[in-house]
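Dear colleague,

I am passing on the structure we spoke about, so that you can look through it yourself before reading on. My notes on the ligand and its surroundings follow below.

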Amino acid sequence: MVWFTGLSGAGKSTLAAGLEKALFERGFKVYHLDGDNIRNGLNKNLGFSEEDRTENIRRVGEVGALMTDAGLIVLSAFISPFQRDRNKVREIIGEDNFIEVFVDCPLNICEQRDVKGLYRKARRGELKNFTGIDSPYESPEQPDIHIFSDRESIDESIEKLLTSILPKISGS
Ligand SMILES: Nc1ncnc2c1ncn2[C@@H]1O[C@H](COP(=O)(O)OS(=O)(=O)O)[C@@H](OP(=O)(O)O)[C@H]1O
Ligand SMILES: Nc1ncnc2c1ncn2[C@@H]1O[C@H](COP(=O)(O)OP(=O)(O)O)[C@@H](O)[C@H]1O
């Protein structure tokens with residue numbers, strides 16, 4: 001399981017989608033989990049309190065474990081702001097099969113990108129508990145892969161991901 005973590009707008013979904021395509025083209029069976037297919041269905045009842053984020057990540061970890069058991073390479077793209085929650089997923093999946101990818105991007109750049117216009121809303125006080133504004137984000141201290149999305153092109157980041165991941169999954 002490849003676990004992307006980072007602020008909103010850091011590039012998790014873009015990189016997970018790009019990696020999914022690159023792995024698919026190499027013949028791997030891949031599935032991409034993110035807010036679109038999880039928060040609209042399985043986790044529809046969860047919001048953005050600390051407790052709900054923890055439960056969101058726990059369920060994604062459990063679903064990811066089932067998919068991994070079924071032989072898929074799972075790419076998950078969630079903010080997952082708490083280190084303890086990411087560590088729990090690592091435990092559920094197993095150390096050997098879990099790759100933590102920190103999509104690192106300074107808050108001011110994410111805010112400039114404002115892909116979904118949510119930072120603007122959060123700054124205006126129209127959206128509460130927004131990560132990086134009035135809700136915390138704990139950066140991974142020792143990610144397996146560290147992407148700097150403010151300094152790397154999307155293609156460079158995907159190349160970097162492939163270089164690290166392909167040797168670990170060949171044989172899958
Ligand atoms: N309060 C608040 N804080 C952060 N994000 C918010 C919030 N409200 C809505 N959104 C939108 O939901 C996406 C993050 O959902 P996640 O499931 O990845 O969050 S978490 O892992 O449970 O923290 C996130 O998507 P990404 O931009 O793709 O990260 C936002 O678009
Ligand atoms: N190296 C990079 N990696 C990922 N995204 C990048 C990179 N450079 C620029 N971007 C841009 O940053 C934005 C990231 O948005 P998105 O993938 O939706 O972030 P997230 O899923 O983390 O909220 C996109 O508009 C993307 O084109």
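**Ligand 1 and its pocket**

Around ligand 1 there are 18 residues, and those that come nearest are S8, R39, N56, S80 and N129. Please keep in mind that this is a predicted model, and that the distances below are computed from it.

Two of these residues make side-chain contacts with oxygen atoms of the ligand: a polar side-chain atom of R39 lies 2.6 Å from an oxygen atom of ligand 1, and an N or O atom in the side chain of N56 is 2.8 Å from an oxygen atom of ligand 1. At T131 the contact involves the backbone, where a polar atom is 3.4 Å from a nitrogen atom of ligand 1. On its own, ligand 1 has 630 Å² of accessible area, of which the protein covers 88%.

By class, the shell around ligand 1 comprises 7 nonpolar, 6 polar and 5 charged residues, and helix α3, which spans residues 50-69, gives the most to this shell, with 3 residues.

Where does ligand 1 sit? The space it takes is the largest pocket, which has a volume of about 940 Å³. This pocket is lined by 39 residues, of which S8, K12, S13, I79 and K116 are the closest to its centre. The lining divides into 14 nonpolar, 15 polar and 10 charged residues. Helices α1 (12-25), α2 (35-38), α3, α6 (118-123) and α7 (154-169) each supply at least two residues of that lining, and the largest share, 4 residues, comes from α1.

With best wishes

How values were computed: Residues numbered from 1 in each chain as written. Chains lettered and ligands numbered in written order. Predicted model: local features only at pLDDT ≥ 70, side-chain atom pairs only at ≥ 80, totals over all residues. Heavy atoms only, no water. Near = heavy atom within 4 Å. Polar contact = N/O pair within 3.5 Å; in protein donor to acceptor, adjacent residues only side chain to side chain. Areas by Shrake-Rupley, 256 points an atom, 1.4 Å probe, with all protein chains shown as cover. 1 Å grid on protein atoms, 1.4 Å probe; cavity = no way out; pocket = protein on both sides within 12 Å on 5 of 7 lines; lining within 4 Å. Sits in = over half its atoms within 2 Å of the grid points. Nonpolar A, V, L, I, M, F, W, Y, C, P; charged D, E, K, R; others polar. Points joined across faces, edges and corners; volume = space filled by probe spheres on them.
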